[in-house]
Amino acid sequence: NNCSGHKHHQYRIGNCLTNDDAFVVGGSEDGKVYFWNLVEGNVIHKFDAHYRAISCISYHPRSTAMLTASADGMVKLWTA
């Protein structure tokens, strides 16, 4: 399956799986975070996270939390 919708033309964009392996989480050059269904590949959720490209995402192995890092110089912790 292909995960589409995000922008990735100039930067290496990070992605990972959620801690339950149900979703792929990826960044985008427009500063958004995308969640895709792992099986179907469709966008489940997206939100504005940074002002520039997201270069790295890491999901916590047990908690519903993740870190994002961006070309805007910020690292952010996201929790549910």
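These legends go with a set of close-ups of a predicted model.

**View 1. The whole chain is built from strands.**
Start with the overview: there are 7 strands and 0 helices here, so don't go hunting for a helix, and the order along the sequence simply reads β-β-β-β-β-β-β. The chain has 80 residues, and 36% of them count as buried. If you take the contacts between residues at least 6 apart in sequence, 31% of those link residues at least 24 apart. On the outside, the chain exposes about 5,100 Å², with 50% of that coming from carbon and sulfur atoms.

**View 2. The β3–β4 hairpin.**
Here we zoom in on β3, residues 32–37, and its partner β4, residues 43–48. The two strands run antiparallel and pair over 5 bridges. Together they make a hairpin, with 5 residues sitting between them. Have a look at G41 in that turn: its phi is positive, at about 80°.

**View 3. W36, tucked into β3.**
Stay with the hairpin and pick out W36, which belongs to strand β3. Is W36 buried or exposed? It counts as buried because its relative accessibility is 2%, and the cut-off for buried is under 20%. Across in β4, V43 is the bridge partner of W36. F23 is also worth finding: it lies 13 residues from W36 along the chain, yet the C-alpha atoms of the two are 5.4 Å apart.

**View 4. The largest nonpolar core.**
Ten side chains are the stars of this one: the largest nonpolar core is made up of C16, V25, V33, F35, F47, A49, I54, I57, Y59 and M66. Both β3 and β5 (54–59) put in at least two residues each. Which strand gives the largest share? That's β5, with 3 residues.

**View 5. Two cysteines without a disulfide.**
How many disulfides does the structure hold? The count is 0. C16 is in no disulfide, and the nearest cysteine sulfur to its own belongs to C56, 8.2 Å away. C56 is likewise in no disulfide, with the sulfur of C16 as its nearest cysteine sulfur. For a disulfide, the two sulfur atoms would have to be within 2.5 Å. The surroundings of the pair are worth a look too: C16 counts as buried because its relative accessibility is 16%, whereas C56 is partly exposed, with a relative accessible area of 41%. C16 is also one of the residues in the core of the previous view.

Terms used. Residues numbered from 1 in each chain as written. Predicted model: local features only at pLDDT ≥ 70, side-chain atom pairs only at ≥ 80, totals over all residues. Heavy atoms only, no water. Helix = DSSP H or I, 4+ residues; strand = E, 2+ residues; numbered from the N terminus. Buried < 20%, exposed > 50% of the residue type's maximum accessible area, 1.4 Å probe, protein only. Core = buried A, V, L, I, M, F, W, Y, C linked by side-chain atoms within 4.5 Å. Contact = heavy atoms within 4.5 Å. Areas by Shrake-Rupley, 256 points an atom, 1.4 Å probe, with all protein chains shown as cover. Pairing = 2+ DSSP bridges.
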